[in-house]
Amino acid sequence: MEAVAVLGAGSWGTALSIVLADNGYDVRLWTHRSSLADEINNKRTNEKYLSGITIPENIQAETDLESVVKDVRHVVLVVPTKAIREVCHELNGVLDQTVTITHAAKGIEPETYKRVSEMIREELKAELYDDVVVLSGPSHAEEVSLRQPTTVTVSSEQLEKAEAVQDLFINRQFRVYTSPDVVGVELGGALKNIIALGAGISDGLGYGDNAKAALITRGLAEIARLGTSMGANPLTFSGLTGIGDLIVTCTSSHSRNWRAGYKLGQGHKLEDVLEQMGMVVEGVRTTKAAYQLSNTQNVEMPITKGIYKILFDQEDPRDVVDQLMTRIRRHEMEDLTNILDEQRND
Ligand SMILES: NC(=O)C1=CN([C@@H]2O[C@H](COP(=O)(O)OP(=O)(O)OC[C@H]3O[C@@H](n4cnc5c(N)ncnc54)[C@H](OP(=O)(O)O)[C@@H]3O)[C@@H](O)[C@H]2O)C=CC1
Ligand SMILES: O=C(CO)COP(=O)(O)O
């Protein structure tokens, strides 16, 4: 059977490898840790990142990137956003054929404000890839690896490349849709992590379902405002990669972003929370990026600004909630309709 390379053996890389293995592919799962490769190959487990799951025999973990990507048509990149550029650099040195890159990371880079596909296109030599596809949607690794029903969306510039990746992953438990809106799909996936931190903080403070619903809905409003101002289709934010992912991340204790927020709401320090987590909490860096971006794009993002102040200015979460609740009175949809009107008039 065809080999597929999956780079990154954390929670999501391992879960996506299981989907591919279930679909009959020979999965070469790259990790930079030889101890983890040994555990996966010998014990068929990945206890740190996906506890309690048996890893199928047609997943082979390896530490040698060159042999992992040799002769494959598809490379699936599932390292955290922070590691994307570094892994692309390494790929430049070992790939010698053209591949389709699929990435499943959810973040925006602070300072450059780049989405993950933009970072990949900047770093990888142009002759080494024919397209960059993003895979995103409401999909906790813990549930995917138990083969529980899950839906995601893949998006790329060329529809046929998204469809090829749809073919690769789709099965009875893992339903894959396509979308042409790369910007909207990537921004929805990245920005929901900020709101998930907020939902966790709200729960940690002891607030209830009304506050959670408010965060999800007003969070979506500011995600849609920023996304639309950057060229996304506003309808994308009412799909799987927008509201879908926002719901799953804000309401599930599987979410590392929600869990980190919960601890912050209970009064723990950010550095302690991140150290204890031992897994990536993408929303922290993305909050910084989105806060900076909202200033340069001149888009109001009050919740993101509030989370930024809690994370980086040590502001008390209760004071931030108070500031949000006592902002100047607004019309619910005015900002988004203004952006759409401006775009129509351009
Ligand atoms: N977990 C989930 O349910 C989902 C996650 N995602 C997204 O997928 C991406 C990856 O997340 P996830 O798998 O959960 O993260 P984890 O924290 O579970 O795992 C990250 C993995 O990447 C490895 N890694 C980190 N830096 C490098 C590097 N420079 N070179 C090679 N390997 C590296 C880590 O290795 P080490 O052990 O050495 O740290 C670890 O194996 C994130 O952007 C996340 O938002 C998307 C959907 C669902
Ligand atoms: O993106 C996810 C689910 O769709 C996973 O979210 P966390 O990174 O918060 O665990």
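1. A quick definition before anything else: helices here are DSSP runs of H or I with at least four residues, strands are E runs of at least two, and both are numbered from the N terminus. With that in hand, Q314 sits in the loop between α14 (302-312) and α15 (317-325). Keep in mind throughout that this is a predicted model.

2. Staying with Q314 for a moment: its phi is near 55°, a positive value in a residue other than glycine. Q314 counts as exposed because it has 9 C-beta neighbours inside 10 Å, and the cut-off for exposed is 12 or fewer. Y113 also has a positive phi without being a glycine, near 60° in this case. Y113 belongs to the loop between β5 (99-103) and α5. With 15 other C-beta atoms within 10 Å, Y113 comes out as partly exposed. If you go over the backbone torsions, here are two spots to look at: Y113 and Q314.

3. Now the overall picture. The protein has 16 helices and eight strands. Its radius of gyration is 20 Å, close to the 20 Å that the globule rule gives for 346 residues, so the protein is as compact as a globular protein of that length. The C-alpha trace spans about 60 × 45 × 35 Å along its principal axes. Buried residues account for 51% of the 346. As for contacts between residues at least 6 apart in sequence, 73% of them join residues at least 24 apart.

4. On domains: the chain divides into domain 1 (3-180) and domain 2 (183-345). Their centres, taken over C-alpha atoms, are 26 Å from each other. Where they meet, 27 residues of domain 1 are in contact with 27 residues of domain 2. On the domain 1 side, α5 (116-123), β6 (129-136), β7 (150-155) and β8 (174-179) each put in at least two residues. The largest share of that side, four residues, comes from β7. By class, the domain 1 face holds 10 nonpolar, 12 polar and five charged residues.

5. The UniProt record (an unreviewed entry) also has a feature in this part of the chain, "domain: Glycerol-3-phosphate dehydrogenase NAD-dependent N-terminal", at residues 4-160. In the model, that span is 33% helix and 23% strand, and its end C-alpha atoms lie 18 Å apart.

6. Ligand 1 next. It has 27 residues around it, and G10, W12, A83, A105 and A141 come nearest. Two elements, α1 and α4 (84-94), give two or more residues to this shell. The largest share, three residues, is from α1. The class breakdown is 13 nonpolar, 10 polar and four charged. Both domain 1 (3-180) and domain 2 (183-345) give residues to the shell, so ligand 1 lies between them.

7. And ligand 2? It is surrounded by 13 residues, the closest being S139, T249, S255, R256 and N257. At least two shell residues come from each of α8 (182-205), α10 (240-251) and α11 (256-265), and α10 has the largest share with three. This shell splits into three nonpolar, six polar and four charged residues. Ligand 2 also lies between the domains, since domain 1 (3-180) and domain 2 (183-345) both give residues to its shell.

8. The UniProt "binding site" annotation, again from an unreviewed entry, covers S11, W12, H32, R33, Y49, K106, A141, R256, V280 and E282. It's handy to read this next to the shells: W12 and A141 are among the residues nearest ligand 1, while R256 is among the closest to ligand 2.

9. Two of the annotated positions in a bit more detail. Which is S11, buried or exposed? S11 is buried, because 24 other C-beta atoms lie within 10 Å and 20 or more is the cut-off. S11 is found in helix α1 (residues 11-22). Leaving aside neighbours within four places in sequence, S11 is in contact with Y49, L50, A141 and M279; of these partners, Y49 and A141 are also covered by the record's annotation. H32, for its part, is placed in the loop between β2 (26-30) and α2 (34-43). H32 has 16 other C-beta atoms within 10 Å, so it is partly exposed.

Technical notes:
Residues are numbered from 1 along each chain as its sequence is written. Chains are lettered from A and ligands numbered from 1 in the order in which they are written. This is a predicted model: local features need pLDDT of at least 70, side-chain atom pairs count only at pLDDT 80 or more; totals for chains, interfaces and linings use all residues. A residue is near a molecule or strand if its C-beta atom, placed from the backbone, lies within 6 Å of it. Ala, Val, Leu, Ile, Met, Phe, Trp, Tyr, Cys and Pro count as nonpolar, Asp, Glu, Lys and Arg as charged, and the others, Gly among them, as polar. Domain bounds come from an automatic or database domain assignment. Two residues are in contact if their C-beta atoms, placed from the backbone, lie within 7 Å. UniProt positions are given in the numbering used here, feature names are shortened, and annotations may be inferred rather than shown by experiment. The radius of gyration is taken over C-alpha atoms; the globule rule is 2.2 Å times the number of residues to the power 0.38.
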